[in-house]
Amino acid sequence: MINIDKNQMKLLQILMKSEDYVPLSWIQDEMRISRRTVYYLVNKANETLGIYAIDPIQNRRGKGYFLSEKQKEQIHNLFEESLVEPSLHSEDRVQYLICW
């Protein structure tokens, strides 16, 4: 399972839906967060993307943040893979239930 919080996920979803640069002010308004929080979320998201060998979110001063089509595809695949739960064998299910 990918280790990402809901705000990072929302940020990535905003960027994945956009075809062009997304201004910082628009992200602030959309997520109802401060400028500093946007910077923090971008840095945390970039750390997570780096773990999975995905290039960081692009930033151009005066334009905003952007994901390339390749990045979008990689992120999409990563989220799809993380949603698939591995099936447990019967012994594993018993042990899980005992621990639970």
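This is a short guided tour of a predicted model, with suggestions for what to select at each stop.

**Stop 1: the whole chain**

Start with the complete protein chain in a cartoon view. You should find 5 helices and 2 strands. Follow the chain from the N terminus and the elements appear in the order α-α-α-β-β-α-α. The chain has 100 residues, and 34% of them count as buried. Now think about contacts between residues at least 6 apart in sequence: 58% of these join residues at least 24 apart.

**Stop 2: helix H1**

Select residues 6–17, which form helix H1. H1 has 12 residues and reaches 16 Å from its first C-alpha to its last, close to the 16 Å expected at 1.5 Å a residue. Next, show the side chains of Gln-8, Leu-11, Leu-12, Ile-14 and Leu-15, which are buried in H1. They cover an arc of only 155° around the axis, which puts them on the same side of H1. Turn to the other side of H1 and you will meet Lys-6 and Lys-17, both exposed.

Stay here and pick out Gln-8, a residue of helix H1. Is Gln-8 buried or exposed? Its relative accessible area is 6%, and a residue counts as buried under 20%, so Gln-8 is buried. Leave out residues up to four places away in sequence, and the residues that Gln-8 touches are Leu-41, Lys-44, Ala-45 and Thr-48. These partners lead us to the next stop.

**Stop 3: helix H3**

Select residues 35–51 to see helix H3. From first C-alpha to last, its 17 residues reach 25 Å, close to the 24 Å expected at 1.5 Å a residue. Colour Val-38, Leu-41, Val-42, Ala-45, Asn-46, Thr-48 and Leu-49, the buried residues of H3. They lie on the same side of H3, because they cover an arc of only 165° around the axis. Now rotate to the face of H3 turned away from its buried side, where Arg-36 and Ile-51 are exposed.

**Stop 4: where H1 meets H3**

Show both helices together. Two packed helices are described by the angle between their axes and the distance between the axes. What are the angle and the distance for H1 and H3? The two pack at about 85°, with their axes 10 Å apart. That angle makes H1 roughly perpendicular to H3.

To see the contact itself, select Asn-7, Gln-8, Leu-11 and Leu-12 in H1, along with Leu-41, Val-42, Lys-44, Ala-45, Thr-48 and Leu-49 in H3. By class, this contact of H1 with H3 has 6 nonpolar, 3 polar and 1 charged residues.

**Stop 5: two loop residues**

Most residues other than glycine have a negative phi, and most peptide bonds are trans. Here are two residues to compare with that statement.

Select Arg-32, in the loop between helix H2 (24–31) and H3. Arg-32 is not a glycine, but its phi is positive, at about 55°. With a relative accessible area of 74%, Arg-32 is exposed.

Move past H3 to Ala-53, found in the loop between H3 and strand E1 (58–60). Ala-53 is not a glycine either, and its positive phi is about 60°. Ala-53 counts as exposed, at 65% relative accessibility.

**Stop 6: helix H4**

Select residues 69–83, which make up helix H4, and find Lys-72 within it. Lys-72 is buried, with a relative accessible area of 6%. Which residues does Lys-72 touch, not counting residues up to four places away in sequence? They are Leu-15, Met-16, Ser-18, Glu-19 and Leu-67. Try the distance tool on the C-alpha atoms of Lys-72 and Gln-13: these residues are 59 apart along the chain, and the two atoms are separated by 9.4 Å.

Finish with Phe-79, which is also found in helix H4. Phe-79 is buried, with a relative accessible area of 13%. Leaving aside neighbours within four places in sequence, Phe-79 is in contact with Ile-2, Ile-4, Met-9 and Leu-12. How many residues apart in sequence are Phe-79 and Ile-2? The two are 77 residues apart, while from C-alpha to C-alpha they are 7.4 Å apart in space.

Methods. Residues numbered from 1 in each chain as written. Predicted model: local features only at pLDDT ≥ 70, side-chain atom pairs only at ≥ 80, totals over all residues. Heavy atoms only, no water. Helix = DSSP H or I, 4+ residues; strand = E, 2+ residues; numbered from the N terminus. Expected span 1.5 Å × (residues − 1). Buried < 20%, exposed > 50% of the residue type's maximum accessible area, 1.4 Å probe, protein only. Arc of directions from axis to C-beta. Axes fitted to C-alpha atoms, helices over the stretch in contact; angles between N-to-C directions. Parallel < 35°, antiparallel > 145°, perpendicular 65-115°, else oblique. Contact = heavy atoms within 4.5 Å. Nonpolar A, V, L, I, M, F, W, Y, C, P; charged D, E, K, R; others polar.
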